[in-house]
Amino acid sequence: MKKSTQKFLSLGLALSLVFSLTACGSKEESKKDDVTPTTPAGDNTATTESTQSVTSDVEKPATINVMVDGTVFTEPQGRAQFESALEAELGIDIVFTQPDHSGYYDSVGLTFSGGNWPDVVILGGSYYANYASAGLLADLTEYWDNSELKASGRITNESAMESIKIDGKLYGFTPSRGNGCVTYVKKAWLDKAGLEVPTTYDEYLNMLKVFTESDMNDSGDPSNTYGVSAAGLIGVEAPYTNYLPEFYQDAYPDFTKDENGTWIDGFSTDSMKAALQRLKDAYEAGYIDKETITNGTKDCRNKFFDDKFGVFTYWAGTWASTLESNLEANNLDKELVQIAPIKEVGAYVERQAPAWCITTKAKNPAGIFKYFFETMLDGGAVQTLWTYGVKGVHWDDKAETIKLTDTDSVSFEEGQFHMLASLEKPDTLLKKAHIDPMLSFATYVDNADPGIASVDEVARKSSEAFNAHCTAAPVIISNDVMNEYNADLWDLRTQIVTKVVTGGVSVEDGMNEYLTKSANMVSEILESLNE
């Protein structure tokens, strides 16, 4: 079973355990925990602490327990120094819990099912929607609406917060927009093949054919290269299709609304059937890496750097520079062409940004929002910590020469802001901290961002190009019925895609199997969404 599917299964199990614990907990237990329940998404009948009037006299928390993934500095990356600097700025004891990034959601689920919840947790995509609908996250709507940050005049893209609202309510805070994936093509391969940048699916497919059947890496063996690779044929986190957009095109394999505003199962549509056929044909022709069904993102990156394939759909912005740097480190031509979406795709999809959430067991949600969330975008010292890290550890502005390898070094003048070598990978300069400076939705006070001039030109152009050719992913929705069936449904969807694309099953037979096995689940979910 794929690791991503296991995550969904663990989520379903965890939520079941949480519901069980909530239902079976005694009044004494509730009193002991001093839990203030939060209204689940879509329920406007209850009044909770999180919907009381927000005043300027908010108590500052003494301690905040925070569960984070690998997008925050890990221990090898200098988290201890980051934590100390953050605590000094905030005057709050921040206690980080940071599971391994690849198993993060498994750990989150087990933590919630065990009852020892953090005050704050980072949740992305479906996990955010599911935990909110289960009533596990505090309603932050009024805190945001009455915040100094929102009224500051420094907000550049308020839609980032709007995009994570569920039934008009906000259960998380995101300091930046979601970003998304774009398709990179090795320019050296295009030039060798004598091909132009593809603008249609036929041209894209022909490019994959040439890359697969030719000796593109000059190894003497045409059979050891292929066109494209990806971390899975389908994702189980929105937007699901972002690693192979040219094959999915207008298909969206989850619940979505039709032209009449009625919820439908996008996986059972004709568009999805066409997408499966395109994937199947390309896979059988050898254009898609045969290990795509088991690949992780790191596997794909390593193969790309080893010159095994030429087309890679991956994150825009900072990753554009990182990909080029690693190609160069492997003595390959580093230049990548970031193609515009082909005609049939139309636009790349920007994912819903991960959200910082306050759990319903947090004693002082108003204080956490004001003194922890808002300060991430304070336009000054704290925003710099979250964006660039700690001076002298992650960045500096003193004159120095940084030795990356025996033959490679980079020099900076006094007063020139620059990122330092990674503590974890000392042959590489850091790019950012938690907040990507190109994605932040709040400017610095007086636009005094100390590091914006140091942003890599390749990364900046990549981010700008993505922003010019993107559309927002459909809003993730969740309710009790979906929480009950989502794990099983996504496991089934992943099985069907794998059977059809790699197992010799026809699209028609695969879709019939899906419709038969999913009928009851889909029927109940659609009924709950359309009622």
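I will talk about one sheet in this structure, then about its aromatic rings, and finally about two charges that sit over rings. Please keep in mind throughout that what we are looking at is a predicted model.

Let me start with the sheet, which is an open one made of four strands in the order β7-β10-β6-β11, with mixed pairing. At its edges are β7, residues 226-228, and β11, residues 336-339, each of which pairs on one side only. If we ignore direction, neighbouring strands of this sheet are turned against each other by 25 degrees on average. Looking at one pairing in detail, β7 runs parallel to β10, residues 309-315, and the two are joined over two bridges; you can find V228 on the screen and see that its bridge partner in β10 is V311. Across β6, which covers 181-186, and across β7 and β10 as well, lies helix α9, residues 201-213, and this helix runs at about 145 degrees to β7.

Now to the aromatic rings, where the count comes to 34 aromatic pairs. How are the rings of Y105 and Y127 arranged? Their centres are 3.8 Å apart and their planes stand at 5 degrees, and because planes under 30 degrees apart count as stacked, this pair is stacked. Since Y105 belongs to helix α4, residues 104-114, and Y127 to helix α5, residues 125-133, the pair ties together parts that are 22 residues apart in sequence. Are these two tyrosines buried or exposed? Y105 counts as buried at 11% relative accessibility, and Y127 is buried too, with a relative accessible area of 1%.

A second pair, F369 and F373, has ring centres 5.9 Å apart and planes at 65 degrees, and as the limit for edge-to-face is over 60, this pair is edge-to-face. Both residues lie in helix α14, residues 365-373, where they are four residues apart, or about one turn of the helix. F369 is buried, with a relative accessible area of 1%, and F373 also counts as buried, at 0% relative accessibility. These two phenylalanines also belong to one aromatic cluster, whose members include F73, F82, Y143, W144, W356 and W386.

Finally, let us turn to the charges over rings. The charged end of K361 sits over the ring of W117, at 4.7 Å from the centre of that ring, while R493 lies over the face of W490, with 4.8 Å to the ring centre.

Key
Residues are numbered from 1 along each chain as its sequence is written. This is a predicted model: local features need pLDDT of at least 70, side-chain atom pairs count only at pLDDT 80 or more; totals for chains, interfaces and linings use all residues. Side-chain values use heavy atoms; hydrogens and water are left out. Two strands pair if DSSP finds at least two bridges between them. Axes are lines fitted to C-alpha atoms, for helices over the stretch in contact, and angles run from 0 to 180 degrees between N-to-C directions. Contact means heavy atoms within 4.5 Å. Rings of Phe, Tyr and Trp (its six-membered ring) pair if their centres lie within 6.5 Å; planes under 30 degrees apart count as stacked, over 60 as edge-to-face and the rest as tilted. Buried means under 20% relative accessible area, exposed over 50%, partly exposed in between (1.4 Å probe, protein chains only). A charge sits over a ring if NZ of Lys or CZ of Arg is within 6 Å of the ring centre and within 35 degrees of the ring normal.
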